[in-house]
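Please consult the sequence and the structure shown below while reading. The paragraphs that follow proceed from one loop residue to the helices and then to the molecule as a whole.

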Amino acid sequence: MFADIIIDITHEKLDKVFQYRIPPELEGVLQVGMEVVVPFGKGNKETHGYVIGFSEKTDYDLAKIKEVLCIEENHQEIESKLIALAAWIREYYGGTMIQALKTVLPIKKKERIQHKRKVKLLLNEEEGKKQLDIYLHKNQKARARLLAGLLDQPQQDYELITKKLNVTLSVIRSLEEQGVLEIQEEENFRNPIHYQKKDFGPLTHTPEQQQAIDTFWKDYSQRHYGTYLLYGVTGSGKTEVYIEMISRVVSQGKQAIMLIPEIALTYQTVMRFYARFGNRVSILNSRLSQGERSDQMERVRRGEVDVMIGPRSALFTPFSNLGLIVIDEEHEPTYKSEQVPRYHARETAIRRAQIEQASVVLGSATPSVEAFSWCQGGSCTMLELKNRATRQVMPKVYTVDMREELKNGNRSILSDRLTELMEKCLSEHHQMMLFLNRRGYAGFVSCRSCGYVVKCPHCDVSLSEHRGGRLICHYCGHEERMIKTCPSCGSPYIGGFRMGTQQVEDLVKKRFPQARVLRMDLDTTKNKDGHEKILSAFANEEADILIGTQMIVKGHDFPGVTLVGILAADMSLYGDDYRSGERTFQLLVQAAGRAGRGNLPGEVVIQTYSPEHYSIVNAAKQDYESFYEEEISYRRLMGYPPAAGLMAIYASGADEALLTKASGYLKDFAVRAAGEAPMAVIGPASPGIGKINDIYRKVIYLKSEDERILMAVKDRMEKYIEINRGFQSLKIQFDMNP
């Protein structure tokens, strides 16, 4: 039996696995994730490594295979736990072990720690004055200048002294040798948090909040580490509940991870946590420099951080005594990785919590269908907040049928109702947000007269508009020609719907020249502090209108906002994704929840061409339960998650003919691998974009009510791909529940 070992993960490139023979005394004892000591290199230097798997065979000369020396007794537990998590990610989501390890160990290269030097006077005032007289008598001006400065302020920054007093290192060293002063050096960690002191007031909890906290804490105190869904309406104070839960866990000597879906949310969230936990809080996100990221990881390893806040990658913070993982807005699709391994932070967090005996709290006003179904099935505990924290009434929602606007001669992207409310809002000096719903847009075709959407006759998704006048289904490959008139009402107003935030901004400025307008999208937030500057300006009421895509409607709390306008609610409704209805409902409810969070009542305008769609009807009523019942019935009918497991197999390559042939082989093998097990195979078909940079793409879907069948088929397919040379020039990836 042989152990597959990666050498010294934190320092070496993760690009090679070494095999070692397992000695008899370690047979059955070694486990994946264990740290071991092995002989390495020509000199057989004793080196640390990590076990990532086992093999019964080896391709190397048996005479040259070395033996594992021992298990490292004093290894850091966290490394082995993260490697065990990587092994699970690799098994569940596919990809290679190296890719999984690179995911869970985000800091491979340790950056040089910055040091800060200080100069401290060692003499008392009387001794110092005597020494100063000596320097002046000998006309040693630089030394006298330095000592005089230190007599005024006995400890000063080295850089400040050299610049302000204009002295060189040799002068400082000479006084150090004479015992006049000493140079002190301390590590100076780069701090990514620019904290501005802000008083959030005393923290009191509503009866609902207290009940949620007590339920969680009763279980936690009894060492029952479970998964909880904090289901609370927008403005119900979920963040206050998170803070109290984390505070109690930290008081037990544990650490906590707080995941947020967008970098844009970091600023407001961190300020509230910083007010409670001080500098024991840190952040991780993609905008940090390598030095800042490395410093935060070093602070974590030294035990100087109790709470880590950040998007998906913060899940892998190497805490040694993790007690709680909170996932705010758990329904957000940004928690799903788009790179191999295509892990989902929600399921991965639950797995990490199981490995480390920690709890998981999922929070949302619009829970994912998966999380809500777990509560229905008993594997997750529901904690409900049915009312807003300060008892504000929910906003009044108006649904505007844009088909009627067109009939009445209004071809603007702003309906008459929204324009009227915007004028009223500006006259009363309140703030408003205009949300352009572009999430999930894939070029669907709709009729502006009657709202008809061109759908695939074989799948419950819309057809996507492609160049050359073609409409294509990205699930089954069905294709038909673009239509000129609406098949339902005969109107010529049918086609793809396109609109951008800049167009909306230009229109609003022209219509309301007196308004101060801010736009928040990828263009305006590409700089490091882009999100923070725009959100701070709006929070400080330096603007009347904030225009943006989904990043402006998630979790932000602006008490001055009394109006929210939702433009083109349909743009995510007819994407080529079975989750389109769910995503639309969530976005609309989250957007509506930004209005009326202060002392003033809020109003919301939803502009749509499909006012009768169940997602929009229930979003206007803020009725999640009704939406869930209808959505889950469709999922059961069509065999989509969470009613059944779905696995996507993505294949890509430069040779279109080879890709088509290989995709056919993969489909045939998947059918054979499943045998008599109940599993449906769909495709191969072109995904959303069939070719990128001259690389062709195909996708195959596997569906089964039993996820174990999909996992078994995946494992067999991976081996099939590995032993067949025909697949070597192709890139093949697996994605569980895409």
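In this predicted model, Asn540 lies in the loop that connects helix H16 (530-539) with strand S24 (545-548). Asn540 has a relative accessibility of 53% and therefore counts as exposed, since the cut-off for that class is over 50%. A second position, Asp668, helps to convey the distances involved: Asn540 and Asp668 are separated by 128 residues in sequence and, from C-alpha to C-alpha, by 61 Å in space.

Attention may now turn to helix H20, which comprises residues 656-674. From the first C-alpha to the last, the 19 residues of H20 reach 27 Å, close to the 27 Å expected at 1.5 Å a residue. Which residues of H20 are buried? They are Leu659, Ala662, Ser663, Leu666, Phe669, Ala670, Ala673 and Ala674. Because these residues cover an arc of only 130° around the axis, they fall on the same side of H20. The face turned away from that buried side carries Ala657, Lys661 and Arg672, which are exposed.

The surroundings of the buried side can be listed by element. The buried residues of H20 pack against four strands and one helix, namely strand S27 (645-653), strand S28 (680-685), strand S30 (695-704), strand S31 (731-736) and helix H21 (707-723).

A helix-to-helix contact is found between H17 (residues 580-592) and H19 (residues 624-638). Their axes are 10 Å apart and the helices pack at an angle of about 170°. H17 is therefore roughly antiparallel to H19, as angles over 145 degrees are placed in that class. On the H17 side the contact is made by Gly581, Glu582 and Phe585, and on the H19 side by Tyr624, Phe627, Glu631 and Arg635. By character, the residues of this contact divide into three nonpolar, three charged and one polar.

These elements belong to a protein with 21 helices and 31 strands. Its C-alpha trace spans about 105 × 80 × 55 Å along the principal axes. Of the 738 residues of the protein, 55% count as buried. Contacts across the sequence can be described as well: among those between residues at least 6 apart in sequence, 74% join residues at least 24 apart.

Technical notes
Residues are numbered from 1 along each chain as its sequence is written. This is a predicted model: local features need pLDDT of at least 70, side-chain atom pairs count only at pLDDT 80 or more; totals for chains, interfaces and linings use all residues. Side-chain values use heavy atoms; hydrogens and water are left out. Axes are lines fitted to C-alpha atoms, for helices over the stretch in contact, and angles run from 0 to 180 degrees between N-to-C directions. Helices (H or I, at least four residues) and strands (E, at least two) are DSSP runs, numbered from the N terminus. Angles under 35 degrees count as roughly parallel, over 145 as roughly antiparallel, 65 to 115 as roughly perpendicular and the rest as oblique. Contact means heavy atoms within 4.5 Å. Ala, Val, Leu, Ile, Met, Phe, Trp, Tyr, Cys and Pro count as nonpolar, Asp, Glu, Lys and Arg as charged, and the others, Gly among them, as polar. The expected span of a helix is 1.5 Å times one less than its number of residues. Buried means under 20% relative accessible area, exposed over 50%, partly exposed in between (1.4 Å probe, protein chains only). The arc is that of the directions from the helix axis to the C-beta atoms.
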